[in-house]
Amino acid sequence: MAEDQLGLIKLAISIMVGVMIIVFGIAAYVLIKFRRKPGQTDVPKQVEGNLKLEIIWTAIPLVLVMILGVATVQKVFAIGEDYSKDKNAVKVKVTSHLFWWEFNYPDYGVTTAQDLIIPTGKKIALELKTADVLHSFWVPSLAGKTDTNTDGTVNKAWIEASKEGVYLGKCAELCGPSHGLMEFKVKAVSDDSFKKWIESMKAPAVLPADPAVAEVFKSQCLTCHAVGDQGGPLAPNLTGIGSRETVASILLNEEGTGNPVGRKPIKDNLVEWLKDPQAVKPGNKMPAPKEGLGLTDDQIEAIAQYLADYKLSY
Ligand code: CUA
């Protein structure tokens, strides 16, 4: 979709530059060629009206505007296409929250957060809504923005990635103190990898090996978060979080792809987040693990280590 949009911009700019060069060229030619010669005192022949010229300079812009119009209308319909009933499309229900993104794949019974995993070369049919306030889903290198409305309406959109890779996504609607930190990633992988990812997402939940840590994790974390088939839907799903690009969408993991600047091991990012979530993402709804949930530093370390090791193979 973004390529279509870029194509339209290129077409419009080429036409405009073409018109500009011709018009300015003629103007410059006329200014030089017909300027008053030294010593010239007579008034040149006065000309009024020229039907042939008037037809030409009406017809040319009309043709140009029609070329632009036809291309634009075509693309507008293509961009607005609804792929939600298309059998070959991958359906994803997107729900925005203060300040994170939930991705549910209804055909596979899989829910994840922050990293939207998609197969390349396929239409991804999105249905977007919000859990709280107005947000806007935007992956600049793939498509335009789609709002998630507060009146209960579901907006439809689609994306498609032709190349494997990680595409940056942003919330594009001012939604609160951490609006600027409400990022996400679209990770485009091969069809095989996508199938493997779905399989590993559906595998039974892996809980901390140490029973004491597992107990704390279940009683304090899984009340809102989920892993596999356990836990709740109120906070980001943590299944396979060890394979994600970021922690809390803004702390870049060393294990992720892309520019290495500012990346830290996921374990360190998890500890940073768990020690003080409000410092990382002001206004988020996570209770402070230490003050609010009564976790000790050792428990935070152990849970961070468990989550960092909770990877998916795909
Ligand atoms: Cu959500 Cu800005």
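Here is a short walk through this structure, from its domains down to a few single residues. Keep in mind as you look around that the model is predicted.

Let us begin with the overall layout. The protein is split into three domains: domain 1 covers residues 1-26 together with 51-79, domain 2 runs over 90-191, and domain 3 over 211-309. If you find the centres of domain 1 and domain 2 from their C-alpha atoms, you will see that 33 Å lie between them. The two domains do touch: 6 residues of domain 1 and 7 residues of domain 2 take part in the contact.

What does this interface look like? About 470 Å² is buried between domain 1 and domain 2, and carbon and sulfur atoms make up 51% of that area. The interface has 0 salt bridges, but 3 residue pairs there are in polar contact. On the domain 1 side, the elements that supply two or more residues are the helices α1 (2-33) and α2 (51-79). Of these, α1 gives the largest share, with 3 residues. Sorted by type, the residues on this side are 4 nonpolar, 1 polar and 1 charged.

Now zoom in on a single residue, T112, which you can find in strand β3 (residues 110-113). Is T112 buried or exposed? Its relative accessible area is 2%, and since anything under 20% counts as buried, T112 is buried. Its neighbours help to fill in the picture: leaving aside residues up to four places away in sequence, T112 touches W101, E102, F103, Y105, W197, M201, N237 and R244. With one of these, R244, the contact is also polar, and the two side chains are joined at 3.3 Å.

Some spots in the backbone deserve a look too. Go to the loop between β1 (90-97) and β2 (100-105), where F99 lies. The peptide bond leading from L98 to F99 is cis, with omega near -5°.

Next, follow the chain just past strand β3 to Q114, in the loop between β3 and β4 (115-119). Q114 is not a glycine, yet its phi is positive, at about 70°. This residue is buried as well, with a relative accessible area of 5%.

Finally, visit S249, in the loop between β13 (246-247) and β14 (251-252). Here again a residue other than glycine has a positive phi, near 70°. Where does S249 stand in terms of accessibility? S249 counts as buried, at 1% relative accessibility.

Key:
Residues numbered from 1 in each chain as written. Predicted model: local features only at pLDDT ≥ 70, side-chain atom pairs only at ≥ 80, totals over all residues. Heavy atoms only, no water. Domains from an automatic or database assignment. Contact = heavy atoms within 4.5 Å. Buried area = accessible area lost by both parts, 1.4 Å probe. Salt bridge = Lys/Arg side-chain N within 4 Å of Asp/Glu carboxyl O. Polar contact = N/O pair within 3.5 Å; in protein donor to acceptor, adjacent residues only side chain to side chain. Helix = DSSP H or I, 4+ residues; strand = E, 2+ residues; numbered from the N terminus. Nonpolar A, V, L, I, M, F, W, Y, C, P; charged D, E, K, R; others polar. Buried < 20%, exposed > 50% of the residue type's maximum accessible area, 1.4 Å probe, protein only.
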